[in-house]
Amino acid sequence: MGGLSESSERREEREPLGGTRVMVVDDHPMWRDAVARDLAEAGFEVVATAGDGPQAVRRAKAAEPEVLVLDLNLPGLPGVQVCKELVAVMPGLRVLVLSASGEHADVLEAVKSGAAGYLLKSASTEELLDAVRRTAAGDAVFTPGLAGLVLGEYRRLAGEPAPAAAGEPAAPRLTERETEVLRLVAKGLSYKQIAERLVISHRTVQNHVQNTLGKLQLHNRVELVRYAIERGLDEGA
């Protein structure tokens, strides 16, 4: 990875990371080790690494990372399948895809499998560290240019007719603040931006999002944004 080194002065300027537990999955040993080393030197706790899909699933379940930095092109089991399997059994896991591919189909497939973000391997070390930090904090992080693509896909999906469900219960009632946070999430704002906009703490924003996910029986931010767009909450002031 170009730029997998940086000055100690830059590292000292960062806020403490609180030992966020991170796992790195990539089939290229030199790349995997370099990313893991940079993360460790920046203050993250690298709890495991893996070089193929099945190994990634086994080790992630054992190590219980908070953030999984995941390549898509893996032997044994594709990265999107690894993501799907782990997100299904580890609800608190945040997956950041780190891939050489910027193909739209790969990005959308990763997001649909449950990835919280997508970063190209051409990113600098500082961009990677910031992406992992923001992913751990609950933000959806994308290489510039890809966020608009993902939001466009949400809109396309929202335009498709929802499958009919007999006797479907009424939508749960959200508080005024939960609805306000949901509207800003749908507009693509990060948790930090929402906190600043509403003059509340970052933790409070996270709590509102988690409460909303529970009430709506949704699993991740992807489903939450789709729900909001379906109801037109991304429009207006």
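Trainee: In this predicted model, which residue in strand 2 is the bridge partner of methionine 23?

Mentor: Strand 1 (residues 21-25) is joined by 5 bridges to strand 2, and the two run parallel. Within that pairing, the bridge partner of methionine 23 in strand 2 is alanine 48.

Trainee: Through which helix does the chain cross from strand 1 to strand 2, and is the crossover left-handed or right-handed?

Mentor: The connecting element is helix 2, which spans residues 29-41 and lies across strand 1, strand 2, strand 3 and strand 4, running at about 170° to strand 2. The chain passes through helix 2 on the way from strand 1 to strand 2, and the handedness of this β-α-β crossover is right-handed.

Trainee: Which residue in strand 3 stands opposite valine 22?

Mentor: Strand 1 also pairs with strand 3 (residues 67-70), in the parallel sense and over 4 bridges. In that pairing, the residue of strand 3 standing opposite valine 22 is valine 67.

Trainee: In what order do the 6 strands stand in the open sheet, and which are the edge strands?

Mentor: The pairing in the open sheet is parallel, and the order of the 6 strands is 2-1-3-4-5-6. An edge strand here pairs on one side only, and that description belongs to strand 2 (45-50) and strand 6.

Trainee: Which residue of strand 5 stands opposite valine 97, and which residue of strand 6 stands opposite tyrosine 118?

Mentor: Strand 4 (residues 94-99) and strand 5 (residues 117-120) run parallel and are joined by 4 bridges, whereas 2 bridges join strand 5 to strand 6 (residues 141-142), again in parallel. Opposite valine 97, in strand 5, stands tyrosine 118. Opposite tyrosine 118, in strand 6, stands phenylalanine 142.

Trainee: What is the handedness of the unit made by strand 4, helix 5 and strand 5, and what is that of the crossover from strand 5 to strand 6?

Mentor: Strand 4, helix 5 (residues 104-112) and strand 5 make a β-α-β unit that is right-handed. From strand 5 the chain then crosses through helix 6 (residues 125-137) to strand 6, and the handedness of this β-α-β crossover is left-handed.

Trainee: Where is serine 101 placed, and with which residues is serine 101 in contact, leaving aside its neighbours within four places in sequence?

Mentor: Serine 101 lies in the loop between strand 4 and helix 5. Its C-alpha is 9.6 Å from that of aspartate 71, although the two residues are 30 apart in sequence. Once neighbours within four places in sequence are set aside, the contacts of serine 101 are Asp106, Tyr118 and Leu120.

Trainee: Why do helix 3 and helix 4 count as roughly parallel to each other, and what is the handedness of their crossing?

Mentor: Helix 3, residues 53-63, lies across strand 1 and strand 2 and runs at about 155° to strand 2. Helix 3 and helix 4 (residues 79-89) pack at an angle of about 20°, with their axes 10 Å apart, and because angles under 35 degrees count as roughly parallel, the two helices fall in that class. The handedness of the crossing in which helix 3 passes helix 4 is right-handed.

Trainee: Which residues of helix 4 are met by helix 3?

Mentor: The contact of helix 3 with helix 4 has 6 nonpolar, 1 polar and 2 charged residues. From helix 3 it involves Gly53, Ala56, Val57, Ala60 and Lys61, and the residues met in helix 4 are Val82, Glu85, Leu86 and Val89.

Trainee: How are helix 8 and helix 9 oriented to each other?

Mentor: The axes of helix 8 (residues 176-186) and helix 9 (residues 191-198) come within 10 Å and cross at roughly 130°. The crossing is right-handed, and the contact is made by Arg177, Glu180, Val181, Leu184 and Val185 of helix 8 with Ile194, Arg197 and Leu198 of helix 9. These residues divide into 5 nonpolar, no polar and 3 charged. The orientation of helix 8 and helix 9 is therefore oblique.

Trainee: At roughly what angle do the axes of helix 9 and helix 10 cross?

Mentor: Tyr191, Lys192, Ile194 and Ala195 of helix 9 meet His202, Val205, Gln206 and Val209 of helix 10, a contact that divides into 5 nonpolar, 2 polar and 1 charged. The axes of helix 9 and helix 10 (residues 202-216) come within 8 Å, and their crossing angle is roughly 110°.

Note on methods. Residues are numbered from 1 along each chain as its sequence is written. This is a predicted model: local features need pLDDT of at least 70, side-chain atom pairs count only at pLDDT 80 or more; totals for chains, interfaces and linings use all residues. Side-chain values use heavy atoms; hydrogens and water are left out. Axes are lines fitted to C-alpha atoms, for helices over the stretch in contact, and angles run from 0 to 180 degrees between N-to-C directions. Angles under 35 degrees count as roughly parallel, over 145 as roughly antiparallel, 65 to 115 as roughly perpendicular and the rest as oblique. A crossing is left-handed if the near helix is turned anticlockwise from the far one by less than a right angle, and right-handed if clockwise. Contact means heavy atoms within 4.5 Å. Ala, Val, Leu, Ile, Met, Phe, Trp, Tyr, Cys and Pro count as nonpolar, Asp, Glu, Lys and Arg as charged, and the others, Gly among them, as polar. Two strands pair if DSSP finds at least two bridges between them. A crossover is right-handed if, with the strands pointing away from the viewer, the path from the first strand over the helix to the second runs clockwise.
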